[in-house]
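Keep the sequence and the model side by side. The walk starts at the ligand and moves outward from there.

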Amino acid sequence: MTKPYKAAVIGTGSALPEKRLTNKHLESMVETSDEWIIKRTGIKERRILEDDVPLSVLAAEASRKAIADAGLTPMDIDLIIATTITPDYLSPSLACCVQKEIEAKNAAAFDMNAACTGFVYALQVAQGLITSGTYNYILIIAAEALSRVTDFTDRNTCVLFGDGAGAVVLGKAEEGIASVILGAMGESGSVLTIPCCYFSPEDAEKRNEGKKQVIWMDGSEVFTFASKIMCEASLKVLENSGLTVNDISYIFPHQANIRILQNAAKRLDVPMDKVYTNLENTGNISSASIPVCLDEASRKNLLKKGDKIVMVAFGGGLTYGAALLTWSK
Ligand code: ACO
């Protein structure tokens, strides 16, 4: 392409495990109720990856679909960026495992961890590599098996999370990613932790006896941060392109809690029918939330060429980010 070009989403794919964990199931595991979970979170069920299936298999399924949707083969992919906080191994990276599974032999591969904001962070990195002319086609695969780091005896967290994978292929087009903003507040990172290779006495104190590499979260702190930052980040990314919320067709937010999305929509003054949600059936699948939603919306033909959409996320770190994209498929 000789004309100026943008990095654009040219293919999407997703994969969810078959196994469902309903609120009714959770009632038999912790002191909770279907009614409480629906009222306080909007979630009815989440998908759980079977113990004997590596996350890379689910990630590869979503990746193959995205590559086929882009009209490409795995050999066309120059780079794979995997976003995850639950890789099968610290080494090899999830990206390398996916590269092997799909036989994308020409691709470089690495993992990124920005927790639930990982997908938006990856969009910014991939955009830079495409618009600089370094690569033609980049696969972003956001895949999470949060059930593997969930304490199913902790009702504060176990009702929230699920497993899944969403992928996009980025290529070159006249219209595409217009603007991305990213941020982090490391000073507040202790409100949501998942220990890995280090475990402090404070980490032990917060968790149930014998539980180590599991999520601990101060839910109300995260809730307050999320409601505010979703609105601020969306407005900032629109302002960068001289647009307002009236110019956008859809917001694709990180799917953490329906009340967070309602709060953000209210602050932004957009109706909820412009806010895409699927958390009722998936729960919070961290960085995979947005690309799974995007794939669903694309396959339902909800998006038309030229539509402007905002993707906005927050998560552990704490991190946040938003991207403004013109749909060009
Ligand atoms: N069932 C029944 N009662 C519960 C449950 C449950 N599953 N979980 C908590 N409660 C109780 C609490 O113990 C508390 O009881 P208490 O008053 O006797 O102490 C009561 O419900 C109210 O607790 P709150 O924390 O005020 O409940 P809230 O309405 O805020 O909902 C929730 C809690 C759902 C966790 C909410 O704070 C939230 O969604 N926070 C944001 C979570 C989030 O987005 N996390 C992910 C971000 S990053 C990532 O995606 C990895």
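Helices (H or I, at least four residues) and strands (E, at least two) are DSSP runs, numbered from the N terminus. The model is predicted. With that numbering, helix H8 gives the most to the shell around the ligand, with 4 residues.

H8 spans residues 219-240. Other elements contribute too. Helix H2 (34-41), helix H6 (155-158), helix H9 (258-268) and strand E12 (308-315) each supply at least two residues of that shell, as H8 does. The shell also draws on both domains. At least three residues come from domain 1 (6-175), and at least three from domain 2 (179-326).

What is the makeup of the shell around the ligand, in nonpolar, polar and charged residues? It divides into 12 nonpolar, 10 polar and 4 charged. There are 26 residues around the ligand, and Thr32, Arg40, Cys116, Asn257 and Asn284 come nearest.

Now look at individual atoms. Threonine 32 places a polar side-chain atom 2.6 Å from a nitrogen atom of the ligand. Arginine 40 also sets a polar side-chain atom 2.6 Å away, but from an oxygen atom of the ligand. Arginine 259 has a polar side-chain atom 2.9 Å from an oxygen atom of the ligand. How much of the ligand does the protein bury? The ligand taken alone exposes 1,000 Å², and the protein buries 74% of that.

Turn next to H9, one of the elements that supply the shell. Ile258, Ile260, Leu261, Ala264, Ala265 and Leu268 are buried in this helix. Why do they fall on the same side of H9? Because they cover an arc of only 160° around the axis. The general geometry is familiar: an α-helix has 3.6 residues a turn, so residues three or four places apart point the same way. On the other side of H9, Lys266 and Arg267 are exposed.

Back to H8, which also holds serine 234. Is this serine buried or exposed? Serine 234 counts as buried because its relative accessibility is 2%, and the cut-off for buried is under 20%. Its side chain reaches the backbone oxygen of methionine 230 at 2.7 Å.

The loops come next. Take the one between strand E4 (79-83) and helix H4 (94-102), where serine 93 has its place. Serine 93 is buried, with a relative accessible area of 13%. From serine 93 to glycine 315 is 222 residues in sequence and 21 Å in space, C-alpha to C-alpha. Proline 92 is also found in the loop between E4 and H4. A cis peptide bond joins serine 91 to proline 92, with omega about 0°.

A cis bond also links glycine 317 to leucine 318, where omega is near -15°. Leucine 318 lies in the loop between E12 and strand E13 (319-326). Such bonds deserve a look, for most residues other than glycine have a negative phi, and most peptide bonds are trans.

Phi gives further exceptions. Alanine 115 has a phi near 50°, a positive value in a residue other than glycine. Find alanine 115 in the loop between strand E5 (108-112) and helix H5 (118-131). At 11% relative accessibility, alanine 115 counts as buried. Asparagine 301 has a positive phi as well, near 60°. This asparagine sits in the loop between helix H11 (289-299) and E12. Asparagine 301 is exposed, because its relative accessible area is 66% and the cut-off for exposed is over 50%.

Finish at helix H3 and the loop before it. Proline 54 is found in the loop between strand E3 (45-47) and helix H3 (55-69). With a relative accessible area of 35%, proline 54 is partly exposed. How far apart in space are proline 54 and aspartate 88? They are 6.3 Å apart, C-alpha to C-alpha, with their positions 34 residues apart in sequence. Leucine 55 lies in H3. At 0% relative accessibility, leucine 55 counts as buried. The C-alpha atoms of leucine 55 and glycine 183 are separated by 28 Å, and the two residues are 128 residues apart along the chain.

Terms used. Residues are numbered from 1 along each chain as its sequence is written. This is a predicted model: local features need pLDDT of at least 70, side-chain atom pairs count only at pLDDT 80 or more; totals for chains, interfaces and linings use all residues. Side-chain values use heavy atoms; hydrogens and water are left out. A residue is near a molecule or strand if one of its heavy atoms lies within 4 Å of it. A polar contact is a pair of N or O atoms within 3.5 Å; within protein, one must be able to donate a hydrogen and the other to accept it, and residues adjacent in sequence count only if both atoms are side-chain atoms. Accessible areas come from the Shrake-Rupley method with a 1.4 Å probe; for residues, only the protein chains shown count as cover. Ala, Val, Leu, Ile, Met, Phe, Trp, Tyr, Cys and Pro count as nonpolar, Asp, Glu, Lys and Arg as charged, and the others, Gly among them, as polar. Domain bounds come from an automatic or database domain assignment. Buried means under 20% relative accessible area, exposed over 50%, partly exposed in between (1.4 Å probe, protein chains only). The arc is that of the directions from the helix axis to the C-beta atoms.
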